[in-house]
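Okay, everyone, thanks for coming. Let me put the structure up on the screen, and then I'll walk you through a few spots in it.

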Amino acid sequence: IATAAMKLLKSAFALLATATGDKGEKNSLTPSMSIDVLSDHSMSSTALPYAANLLYLRSNGFYVEFASAIAAMGIFSDISHARSVMNLALELIHPRLVLTDGKRSNADKGAGDNVPIRNADATRLVLGIAIRLPTTDDAHDQHKALAKNAF
């Protein structure tokens, strides 16, 4: 069941990345479409579809609710699944932020420490996941280290 849940989450994150990503950066793994937004808010002034999607997700508290829904699935008890979900969330901010073995990679040290943030609102998702990691099991220290290294 956990494997099916992870596949579902990977698909959900791919959809989220497509809907909120700048279309100047083509991602060949996800279709080029955005979420249609029907609302009375002034999104008509937002020229780009991904910007309207970001505004919609932000104004409706999506990231916090999404973190709660993921935690309710119960897959965080396995540290490997928790690490995978955290990496999916970090990748929404920027792919260079992905953790390897629970730690930030040193491969990009020459590129400088500045990472352009693609989706600043995704930090809410990372924080939401970090605060919902288990604190009462044998792997507590691993979950604590994962949350610490994510930031």
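Before I start, one term: when I say two residues touch, or are in contact, I mean they have heavy atoms within 4.5 Å. And please keep in mind that this is a predicted model.

So let's use that term straight away, on His94. This histidine sits in the loop between α4 (79-93) and β1 (99-100). Leaving aside residues up to four places away in sequence, His94 touches Val115, Pro116 and Arg118. Is His94 buried or exposed? It counts as buried, because its relative accessibility is 8% and the cut-off for buried is under 20%.

Now let me step back to the overall layout. The protein chain has six helices and two strands, and if you read along the sequence, the order is α-α-α-α-β-β-α-α. There are 151 residues in the protein chain, and 33% of them count as buried. As for the outside, the protein chain exposes about 9200 Å², with carbon and sulfur atoms supplying 55% of that. One more number on the fold: take the contacts between residues at least 6 apart in sequence, and 64% of them join residues at least 24 apart.

Next, the aromatics. How many aromatic pairs does a search of the whole structure find? Three. Take Phe13 and Phe66: their ring centres are 5.3 Å apart and the planes make an angle of 50°, so this pair is tilted. It links distant parts of the chain, with Phe13 in helix α1 (residues 2-20) and Phe66 in helix α3 (residues 62-72), 53 residues apart. Both partners are tucked away: Phe13 is buried at 3% relative accessible area, and Phe66 counts as buried at 12%.

Phe66 has another partner, Phe62, and that pair is stacked, at 5.2 Å centre to centre and 20° between the planes. Why is there about one helical turn between Phe62 and Phe66? Because they are four residues apart in helix α3. As a reminder, an α-helix has 3.6 residues a turn, so residues three or four places apart point the same way. Phe62 counts as partly exposed, at 28% relative accessibility. Put Phe13, Phe62, Tyr63 and Phe66 together and you have one aromatic cluster.

Phe13 comes up again when we look at Val85, over in helix α4. Val85 counts as buried, since its relative accessibility is 0%. Not counting residues up to four places away in sequence, Val85 touches Met6, Leu9, Phe13, Ile70, Ile75, Phe76 and Ile129. From that list, look at Ile129: it is 44 residues from Val85 in sequence, yet the two are 8.3 Å apart in space, C-alpha to C-alpha.

What about helix α2 (residues 49-59)? Its buried residues are Tyr50, Ala52, Asn53, Leu54 and Leu57, and these pack against α1 and α3. Just after α2 you'll find Gly61, with a positive phi of about 60°.

Last stop, the surface. Leu127, Ile131 and Phe151 form a nonpolar patch there, with about 350 Å² of accessible area together. Ile131 belongs to helix α5 (residues 122-131), and at 60% relative accessibility it counts as exposed, because the cut-off for exposed is over 50%.

That's my tour, so over to you.

How values were computed:
Residues are numbered from 1 along each chain as its sequence is written. This is a predicted model: local features need pLDDT of at least 70, side-chain atom pairs count only at pLDDT 80 or more; totals for chains, interfaces and linings use all residues. Side-chain values use heavy atoms; hydrogens and water are left out. Patches are made of residues with over 30% relative accessible area and no salt bridge: like charges are joined within 9 Å, nonpolar side chains (Val, Leu, Ile, Met, Phe, Trp, Tyr) within 5 Å. Accessible areas come from the Shrake-Rupley method with a 1.4 Å probe; for residues, only the protein chains shown count as cover. A salt bridge is a side-chain nitrogen of Lys or Arg within 4 Å of a carboxyl oxygen of Asp or Glu. Buried means under 20% relative accessible area, exposed over 50%, partly exposed in between (1.4 Å probe, protein chains only). Rings of Phe, Tyr and Trp (its six-membered ring) pair if their centres lie within 6.5 Å; planes under 30 degrees apart count as stacked, over 60 as edge-to-face and the rest as tilted.
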